[in-house]
Structure formats: C-alpha cells, structure tokens
Amino acid sequence: FEQCTDTIIRQVGDLGRIVDEFSSFARMPKAVPEPNNLNEVVRDATVLQRVSAGDIAIELNLDEGLLPFAFVRRLVTQAITNLVKNARESIETRLSTQAEPIGDIQVMTGLADGAPFISVQDNGIGLPQEQRHRLAEPYMTTRERGTGLGLAIVKRIMEEHGGRLDLSDAEDGQGAVVTLFFAPLPTVQHRIEKDR
C-alpha cells in the first residue's frame, strides 16, 4: 500500500511535467543524468500498471546484477510508462477479436555489449510492416485515438541519453518487442560485468 501511495504521488508530479513536455516536444529539456538503479525505476514505473492490468499479465525479468549508472529517472520513467501503455493497447486491440492467448507483457533489463537496455515485449497485434521506420516520428500513429507522440518522445529521451530505440517483431511472431538501449557503460563496469 505504501509503495503504491508513494508511486501515485510521484507519478502525479511526473504527469504534470509530462503534459508540459508534450506541449514542448520540440524543445525537450536537456537531460542531466544522475546515478540510478534501472531495475528500481522499472519496478516503480510499472507498479500501478501491474496492479490495474486486469486480464493482462505484466511480468518483470530484471538483471539483478545490473549496476547503477547515470540517467534521468523522470525521463526514463516516462519512456517505460509509454512503452507499457502501448503494449497494453496493442494487446487490448488483439483481444477484441482474438481471445487467446491471454495478454502478456514482459519487461526485461540487462546488458548487451556493455550497453544497459530495457525491453518491453507484448503479444498484441504487433508492429505494421508498412512504414515501420516512421513509427517514432512525431505525429505518426496507427491508432485511431493516438497522438503519435508516444514513441517519438521515447526516441528523443533515448537520444538525450546517447542511446537508441529499437523496434522488432516478437520471436514467435505474435506481438512486438521495443528495446531501449542506453550508451555503453565505462570500461570499469564492463570488467565487473565480465567477472561475474
């Protein structure tokens, strides 16, 4: 209960800032990274969605060996929230015409070639093949009520962190995988990871 309350209070404040950022997308404030625990941010960013997900399972598969590194907590929280929201909407669209399999979202963290990442995989309707490369452009949307800013903001957040956004199909062909790659960590952290 306390965790939910703290998260609600923090996210209400974040929502106010998100509204400002939507209106000033073209001039997103410069990121000022500070050391943070990525797994902790993922847990906090998804706790309300996991509680309210209904028939959709939101599972966390977090690399507990991932070391803290510098990023802007508020912006990364916003990116995760956007991705999980998109995944839920994709699953809800699929469930409206195809009840099986049940909705499932996997949120993972890890390290790939020295770069921390967050990956959100769903078993929704998947990504369109046509114009997929444009999905992260501002105001580009395939949804009836979409603003077309969700993925554009996520892409901008990753660019502010020296990272990138990657869109792909789920391995089993059902759904999508969206991965946020941060800039590679300093070599001292590479060595700690390799020694494990």
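## Strand pairing and the sheet

Two strands are taken to pair if DSSP finds at least two bridges between them, and in this predicted model the bridge partner of S119 in strand 7 is T179. Strand 5, which covers residues 115-122, and strand 7, which covers residues 176-181, pair in the antiparallel sense over five bridges. Within strand 7, V177 is the residue that Q121 stands opposite.

The sheet as a whole is open and is formed by five strands in the order 2-4-5-7-6, with mixed pairing. Its edges are strand 2 (57-61) and strand 6 (164-169), each of which pairs on one side only. From one strand to the next, the twist averages 15 degrees.

## Helices on the sheet

Helix 2 (residues 38-51) packs on the sheet, where it touches strand 2, strand 4 (104-112) and strand 5, and the direction of helix 2 makes about 170 degrees with that of strand 2. Helix 3 (residues 73-95), for its part, lies across strand 2, strand 4, strand 5 and strand 7, and runs at about 20 degrees to strand 5.

One residue of helix 2 can be followed in detail, namely Q49. The relative accessible area of Q49 is 11%, and Q49 is therefore buried, given that the term applies under 20%. When residues up to four places away in sequence are not counted, Q49 touches I58, T81, V84, K85 and R88.

## Strand 7 and its hairpin

How many of the six residues of strand 7 are buried? Six of the six are, and strand 7 is accordingly described as mostly covered. The cover extends to both faces, since A176, V178 and L180 on one side are buried, as are V177, T179 and F181 on the other.

On the side of strand 6, strand 7 again pairs in the antiparallel sense, here over six bridges, and D169 stands opposite A176 of strand 7. The hairpin made by strand 6 and strand 7 has six residues between the strands, and in this hairpin G173 takes a positive phi near 85 degrees.

## Aromatic pairs

A pair of aromatic rings is described by two quantities, the distance of the centres and the angle of the planes. With ring centres required to lie within 6.5 Å, the count comes to four aromatic pairs. One of them is formed by F69 and F71, with 5.0 Å centre to centre and 50 degrees between the planes, which makes the pair tilted. Both F69 and F71 are buried, and these two residues form one aromatic cluster together with F182.

Another tilted pair is that of F117 and F181, for which the values are 6.0 Å centre to centre and 50 degrees between the planes. Because F117 lies in strand 5 and F181 in strand 7, this pair ties together parts that are 64 residues apart in sequence. Why does F117 count as buried? The relative accessibility of F117 is 14%, and the limit for the term is under 20%. The partner ring belongs to F181, which is buried as well, with a relative accessible area of 16%.

Technical notes. Residues are numbered from 1 along each chain as its sequence is written. This is a predicted model: local features need pLDDT of at least 70, side-chain atom pairs count only at pLDDT 80 or more; totals for chains, interfaces and linings use all residues. Side-chain values use heavy atoms; hydrogens and water are left out. Helices (H or I, at least four residues) and strands (E, at least two) are DSSP runs, numbered from the N terminus. Axes are lines fitted to C-alpha atoms, for helices over the stretch in contact, and angles run from 0 to 180 degrees between N-to-C directions. Contact means heavy atoms within 4.5 Å. Rings of Phe, Tyr and Trp (its six-membered ring) pair if their centres lie within 6.5 Å; planes under 30 degrees apart count as stacked, over 60 as edge-to-face and the rest as tilted. Buried means under 20% relative accessible area, exposed over 50%, partly exposed in between (1.4 Å probe, protein chains only).
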